[in-house]
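Here are some short exercises to work through with the model open beside you. Try each task before you read its solution.

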Amino acid sequence: MSIIVTQLFNGVSLGSILLLIALGLAITFGQMNIINMAHGEFIMIGAYTTYVLQQAFIQYLPQSAFGYYFILAIPLAFIVAALIGLLIEKSIVRFLYERPLDSLLATWGVSLILQQAARSIFGAPNVAVIAPEWLNGGLTLAGVTFPYKRLFIIGLVVISLVFLFIYLYKTSSGRRMKAVTLNRDMASCLGVSTRRVDSLAFALGSGVAGIAGCSLTLLGSIGPTLGTSYIVDAFMIVVLGGVGKLKGTIFAALLLGILSTFVELSTSATIAKVVVFAFIILFLQWKPTGLVGAKVRALD
């Protein structure tokens, strides 16, 4: 029984990490139809922002203050990644709307540039981020240990979802974003500035990816190619959940996390990846719109 509980917790933990990574991609891909291959690099930006803040705390602040750096790193990673995302949208992406293949090539080029910039600034080898003392150890219940780091990540994902829900459903700018996602032409006819909404959505998606990068520093060392490992999984989650659907993204991330963990228990990581791919292919053959398809009316 303890093995099942452990694997279930590991699956939810993995699904939470994948969800945090996929949330930003779901926002940009679902609204603007932009295939953002640089999404992984915004994860890297959030991770390096955390590393830089850690070094600043070590050099300029007393040791007693070190435990608070990670709390400050979360909003800072969001802001830095969002600002860089906004700059890229204003200078490159906004000229590629309705051109998905061109956007794929352009954002792939941006990802290579950002990776090389990280190598030039921080070096090619991975660097380590030291977790605060209060995140070390774990909670033991009924013989099962739940690491504080993974519990913190799950809590961070829940808080991020709450803030996203409030923004999208309770604010006027969030409602405009949802309107553009459902019907861009009609929203434009009603006076919504779709270009401004696109810029805001791209910055928001980039900022959420920055939070994901900040959380990944708790699980291991970071490097210029940190986000590359997760970009394929993020796209799979977005497509499986239903493009642009926040609820579907949540279900898909948790489903893939739990499925991967239980399959990997009896086989290997490679076989688990193959099984997950096969499951997604078969599911999309049955339901092409994903777990939660968008309900819109269209005129032919």
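A polar contact is a pair of N or O atoms within 3.5 Å; within protein, one must be able to donate a hydrogen and the other to accept it, and residues adjacent in sequence count only if both atoms are side-chain atoms. The model is predicted, so local features need pLDDT of at least 70 and side-chain atom pairs pLDDT 80 or more, while totals for chains, interfaces and linings use all residues. Residues are numbered from 1 along each chain as its sequence is written, and side-chain values use heavy atoms, leaving out hydrogens and water.

**Exercise 1.** Find the polar partners and the contacts of Gln54.

*Solution.*
- Start in helix α2 (residues 39-60; a DSSP run of H or I, at least four residues, numbered from the N terminus), where Gln54 sits.
- Check its burial: Gln54 has a relative accessible area of 1%, so it is buried (under 20%, 1.4 Å probe, protein chains only).
- Look at the side chains: Gln54 and Gln55 share a polar contact of 2.8 Å.
- Turn to the backbone: the nitrogen of Ile130 is 2.5 Å from a polar atom of the Gln54 side chain.
- List the contacts (heavy atoms within 4.5 Å): leaving aside residues up to four places away in sequence, Gln54 touches Phe66, Tyr69, Ala128, Val129 and Ile130.

**Exercise 2.** Which residues does Ile222 touch, not counting residues up to four places away in sequence?

*Solution.*
- Apply that sequence filter to Ile222.
- What remains is Ala47, Tyr48, Tyr51, Asn126, Val127, Val129 and Thr217.

Note on methods: Helices (H or I, at least four residues) and strands (E, at least two) are DSSP runs, numbered from the N terminus. Buried means under 20% relative accessible area, exposed over 50%, partly exposed in between (1.4 Å probe, protein chains only).
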